[in-house]
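Let's walk through this one piece by piece. Have the viewer open and colour things however you like.

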Amino acid sequence: MNEMTQIKHHLTDQILIGYSAGTLPEAFSLVVATHLSMCDTCRASAQAYEAIGGSILDTETQTTLEADALAGTLAMIAKGSIATKPTVVSDVPTPLRDYVGGSLRDVKWRSVGMGVRQAVLKTSKTATARLLYIPAGAIVPDHGHRGTELTLVLQGAFRDETALFSAGDVEVANEDLNHTPVAEIGEDCICLAATDAPLRFNSWIPRIAQPFLRI
Amino acid sequence: MLKILDRPQEPGAFVYQLPYIEFRRFQLLYQKAIISVVKKIVPQNTWVQHLRRIQLDQDQKAFAELFGYFAPRVKAFLMKSGASPSMAEECTQEVMVTLWHKAHLFDPSRASVATWIFTIARNKRIDALRKQRRPEPEDLQWGPESEPEASDILVLQQEANLITQAMSALPSQQRDLIKKAYFGDLSHSEIAVETGLPLGTIKSRLRLALSKLRKTMK
Ligand SMILES: [Zn+2]
């Protein structure tokens, strides 16, 4: 929990409103929920934006329900309680735990070349979420963004032209950002990233190899 | 204190109008969570108390009253979000079932009842209409030894009311734009960041509540 006080790079208000309003693609929501598990600043903002939703609901016009709606609801209640999930010890925040099937040890990594590995997580198709494993000191090649990309650091740190991103930090990159992230020396870097641009594996692999070929 | 006392109020807010001594008494009683005693001082129509009664006593009367107020609003919200009347009806009932089972998770120092129900309805919309999962942040709950303080609850509930008042004071065009975002009619990149609402105080109150929670978890 130490990293909470050290988080320097936060989500944008636009993303937080989208999360609170419930309009983000699932992959983005996963990154947001994971960051909110580590960052009370963004969590407070998200809850404030939920309060807007609350006041909209409260002042909304009403729609009549079926005459037996209350009785039907009470009957459903009588049928039993909601099963609560058992708490599992994990090295990742709860929202991510469900997607990786436990902890980082359980991730099924796929090599994408030069020591960099990734694991695409199963979400709805409007955006893609994946875990990235970048060995200490390795370069994630220069890449532009076609849409929005959120990158949350889970372990280690990376640096690009804009700043240093450590555990808990999230980088919000839009189309105008072209950058070359480099994992810091000392610890391998693991990130959770989501993008709403289509993932192009074919072009990604040669591109990732490029900087190394140049060395 | 004065600022709190002269606030005009709807359900849940009459406590602010109590004389200070009464308020203080209410506060102490609430902290002990002696519901039966609180009932004598506090009128029944506070939604926070309704949820407590559901949680502690499985009180169906409290549930029926909450249902009467919120279910028609939830149904309207779901229909504006694109649900057909029959689907909205079904989902509304499921939202209210969730409310019953999760009443113990409601934390009045972090959300108004309307806000909490909004989050349940929103998640139902994502699940039923958009067919997506909704990742939620790690749950933070008060330990068995601790409870939120009554003053935190009152301030938070008051702040929620202020947002509602500020919403109605917005130019209608701007209010409609915000509503569109919450009904799911705008993508995140179309959302305007400037809401024109005074959210600074509620954000700092929520941060305070979260840091207190973190402390009790240690
Ligand atoms: Zn943050």
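What follows looks at how the chain divides, what sits at the join, and how the strands are arranged.

Keep in mind that this is a predicted model. The domain assignment splits chain A into domain 1, covering 7–99, and domain 2, covering 103–213.

So where do they meet? On the contact count, 22 residues of domain 1 of chain A touch 29 residues of domain 2 of chain A. Together the two domains bury about 2,000 Å², and 77% of that is on carbon and sulfur atoms. On the domain 1 side, the residues that lose the most area to domain 2 are A:His9, A:Phe28 and A:Val31, which together make up 30% of what that side buries.

As for the polar side of things, the rule finds 0 salt bridges across this interface, while 7 residue pairs are in polar contact, both residues at pLDDT 80 or more. Two elements of chain A, α2 (26–38) and α5 (94–100), give two or more residues each to the domain 1 side that touches domain 2. Of these, α2(A) gives the most, with 9 residues. By type, the residues on that side come out as 13 nonpolar, 6 polar and 3 charged.

Now for the strands. In chain A, 6 of them form an open sheet with antiparallel pairing, in the order β1-β2-β3-β9-β4-β7. The edges are β1 (110–111) and β7 (170–173) of chain A, each pairing on one side only. Further in, β3 (residues 128–134) and β9 (residues 189–195) of chain A run antiparallel over 7 bridges. To find your place there, look for A:Tyr133, which stands opposite A:Ile190 in β9(A).

How values were computed: Residues are numbered from 1 along each chain as its sequence is written. Chains are lettered from A and ligands numbered from 1 in the order in which they are written. This is a predicted model: local features need pLDDT of at least 70, side-chain atom pairs count only at pLDDT 80 or more; totals for chains, interfaces and linings use all residues. Side-chain values use heavy atoms; hydrogens and water are left out. Domain bounds come from an automatic or database domain assignment. Contact means heavy atoms within 4.5 Å. Buried area is the accessible area (1.4 Å probe) that two parts lose on being put together, summed over both. A salt bridge is a side-chain nitrogen of Lys or Arg within 4 Å of a carboxyl oxygen of Asp or Glu. A polar contact is a pair of N or O atoms within 3.5 Å; within protein, one must be able to donate a hydrogen and the other to accept it, and residues adjacent in sequence count only if both atoms are side-chain atoms. Helices (H or I, at least four residues) and strands (E, at least two) are DSSP runs, numbered from the N terminus. Ala, Val, Leu, Ile, Met, Phe, Trp, Tyr, Cys and Pro count as nonpolar, Asp, Glu, Lys and Arg as charged, and the others, Gly among them, as polar. Two strands pair if DSSP finds at least two bridges between them.
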